[in-house]
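Me: Please take me through the annotated cysteine sites and one helix pairing of this model, with the criteria behind each term.

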Amino acid sequence: MFIPSIGEKMEVAQIIVDVPLMQTDKPFSYIIPEELAALIEVGMRVHVPFGSGNRLVQGIIVGKEEENLNLYEISNLKAINEVLDSTSVLTEEQLWLADEMRHRVFSYKISCLKAMLPSLLNSNYDKVYRDEAGKSWYHSQLTDEEKIDFSKRVRSDQLTVTYLAKSKENRKIEKYIVIPDHKKLALFEVEKRAKKRAEFKSFLLRHFGEKIPIKNLAFSSAQVKFFLAQDLIKIEEVVVSRTQAVFEAVESDEPKALNREQSSAFEKIVREQNPEDLKPFLLEGITGSGKTEVYLQVISHFLEQGKTALMLVPEISLTPQITHRFIARFGDKVAIMHSGLSDGEKYDEWLKIKSGQAKVVVGARSAIFSPVENLGVIIIDEEHESSYKQDSSPRYHARDIAILRAKWHGARLVLGSATPSLESRARAMKGNYELLRLTKRANEKAFLPDVQIVDMRSQINDRSANFSNVLLEKVKEKISKNEQVILMLNRRGYSSFVMCRDCGFVVECPNCDISLTLHMDTRTLNCHYCGHVQGIPQTCPNCQSKKIRYYGSGTQKVQEELEGLLTDVNILRMDVDTTKTKNAHEKILNKFGRGEAQILLGTQMIAKGLDFPNVTLVGVINADTGLNLPDFRASERSFQLLMQVAGRAGRADKKGEVLIQTFNPEHYAIKLAKEQDYEKFYETEMRFRRSLSYPPYYYTVQVMLSHKVEEVAIQKAYEVADLLRHYLSPQAKILGPTARPIARTHNLYHYQILIKYRFENLLEEALNGVLELTQRRENKDLRILIDSEPQNFI
Ligand SMILES: Nc1ncnc2c1ncn2[C@@H]1O[C@H](COP(=O)(O)OP(=O)(O)OP(=O)(O)O)[C@@H](O)[C@H]1O
Ligand SMILES: [Zn+2]
């Protein structure tokens, strides 16, 4: 057949479509229609027809060029249907980052690209166009020609655009039940047989006068509807606002004169260097040594040079205290990014960054992707924190992305910690990072606190299950001196549950192999994995005994106990439950800062970043719970957490004390935390890692397979292990398959394989082979997750 070879010049775009599959994990060519040609840029989102049905899907333009196409090629190409943006939403750097990421995280390219966009742009939204006179049009209501015309007018600045999430209208709405009339409800007769209904009624009566959140309610929506229909309850909606009040009411703050160690670190970080010679800096500074002050001054330095800065902190420590310090220094040049913001707020901050108005971005993990141009420095505080690793696809580590971005910009990268991760410290020892040290507290009058271990095995205290006499007496002593106390309850892998005293039955989640957690405020049992909620049984479901007891030590329970043991004491509690609402964090810390409570009791949440001069005692109620987890980083995590929380004591001129209650006083992680000896811990732990071939001596990749039928999960896991053995060298160690420590969640059985390796040329190929398995029809119910350098083993 004759195919004309003299072609036509046509504009063709390379597009990654939003169909996360192995076969579609590459750019597809689309013709750019003439009328769109002037509007289209690389980095924009478009709608394109895809597949045999030509269903419209979203895509991202990653390249475009003029090509000579013959008729045959033209007839085989589809055309772009619609442009979604008026300017690129992804920069050239971000497109490059997505490519680099694809090879490291074994996730699809489209997932990498989407990770770089604010979620509003990935969700169902509408655009609103406005002209100068304020007249507005909704994109969804325009004709195709109008859409093109409007895009042109946006480009020539005649119209402005804002995005509006269709589903939520950009507002967060929370619903509550309120009871208008107590008497009416009380007198309402419930049919005898309707047991649940009667339970709900008495629940409502107990909560009269309160706003009862509908979220996590232990009763079905049918029950709610019934009472609504009888006019016995009402639903109230509360709109959570999109505007941020953070920037108001922050006093400005002047730089402090750096001490010798601080200035030496500062000078090394900012010194002139060839971009090729730049290495990441590891700033190892004990708690309270003034790392944050160094960060602030390094950032100032680069701002003065007309550059920008990116500052990452762990989500959990993105407390007002830290954000305030940045706002106080840099005012409205700061953009804040964290998960507490609504999609609308995140989008607003993103725009502030994209437009160049924000020069300093302070944020949690995902802020590493923010589209700041002209970066002078990237800082990762508490670099050892596992929350820098994303636990869902794409499973990236912010540190790895930071290294790439720093390279692209020729920017400095500073990793800061009092207890660096073994990986980073090992790199510093090899000379891949430059090690900078701060060994003294910045405040001249402050010293590291005295740490004491309380051996709980020899503590018999009939008055309390949670407190040794020593700790209790110390708490009393500090309170009597008008000083403040921080108490930490390490809840990792441990929480309160309900058990029958007669038969030992523990109430478990019907979907997951794990006991349900008791929540006293809602009087429910909740599953922390799948979100299942149920009421607390009055009798044992197994033996009908009435001896149902509550076990474990949630923060709520400890608070109750403490209130019984001490008189006239105000306790503030900080945990997931008390910080759900907006700015709750801030309110609690402000109260504590003003001295309105003597004790701050909380989970890991209180271990980081807090700087309260009046705190002279830190008590760790249970140091052990993290130690025995089936995770090779268990000791490292426990050590880091103890060092971190101990660092909250004695930060000003009053001497600090720390008491650590433990059942494992001989464990090296606890002993060395007492001695506050990072160096010794590093050596001990490195020996252990070496002998067991764990990171940083080996790299790791975890493959997790899930299926609703356990046998299928096992069988497929063996198939995958065989496939890996076929590709990888004998030097690679392939462990498993084994069942996950929590073997079933969401009604799925999980099996895992761990690969430990040093150099494997065919690793990517092998893992792509594993991913391809999921595309086979017979495997359509099989879930396979690949996690490079996994941080989470439970
Ligand atoms: N050069 C300095 N002169 C006087 N005070 C300083 C100086 N640098 C820091 N400080 C003060 O010392 C205290 C501890 O400093 P900072 O919070 O920066 O330490 P950090 O190392 O970041 O602490 P952590 O890691 O424990 O959270 C703060 O109150 C800070 O204002
Ligand atoms: Zn569950």
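Me: Which residues does UniProt list for the "binding site" with a largest C-alpha distance of 8.7 Å?
Reply: The model is predicted, so local features need pLDDT of at least 70 and side-chain atom pairs count only at pLDDT 80 or more, while totals for chains, interfaces and linings use all residues. Residues are numbered from 1 along each chain as its sequence is written, and chains are lettered from A and ligands numbered from 1 in the order in which they are written. The positions are spread over 22 residues of sequence but cluster in space. According to the unreviewed UniProt entry, whose annotations may be inferred rather than shown by experiment, they are C509, C512, C527 and C530.

Me: Is C509 buried or exposed?
Reply: A residue is buried if 20 or more other C-beta atoms lie within 10 Å of its own, exposed if 12 or fewer, and partly exposed in between, with C-beta atoms placed from the backbone. C509 is found in the loop between strand 22 (497-500) and strand 23 (517-519), strands being DSSP E runs of at least two residues and helices H or I runs of at least four, numbered from the N terminus. Because C509 has 24 C-beta neighbours inside 10 Å, it counts as buried.

Me: Which residues does C527 touch, leaving aside those up to four places away in sequence?
Reply: Contact requires C-beta atoms, placed from the backbone, within 7 Å. C527 is found in the loop between strand 24 (524-526) and strand 25 (533-535), and C527 is buried, with 20 other C-beta atoms within 10 Å. Its contacts are C509, C512, I514, L516 and H532.

Me: Is C503 buried or partly exposed?
Reply: UniProt, in an unreviewed entry, lists C503 for a "binding site" together with C500, C540 and C543. C503 lies in the loop between strand 22 and strand 23 and touches C540, N542, C543 and S545, not counting residues up to four places away in sequence. Because 13 other C-beta atoms lie within 10 Å, C503 is partly exposed.

Me: How is helix 3 oriented to helix 14?
Reply: The axes, lines fitted to C-alpha atoms over the stretch in contact, with angles from 0 to 180 degrees between N-to-C directions, come within 11 Å and cross at roughly 140° for helix 3 (residues 92-105) and helix 14 (residues 398-409). Angles under 35 degrees count as roughly parallel, over 145 as roughly antiparallel, 65 to 115 as roughly perpendicular and the rest as oblique. Therefore helix 3 is, relative to helix 14, oblique.

How values were computed. Contact = placed C-beta atoms within 7 Å.
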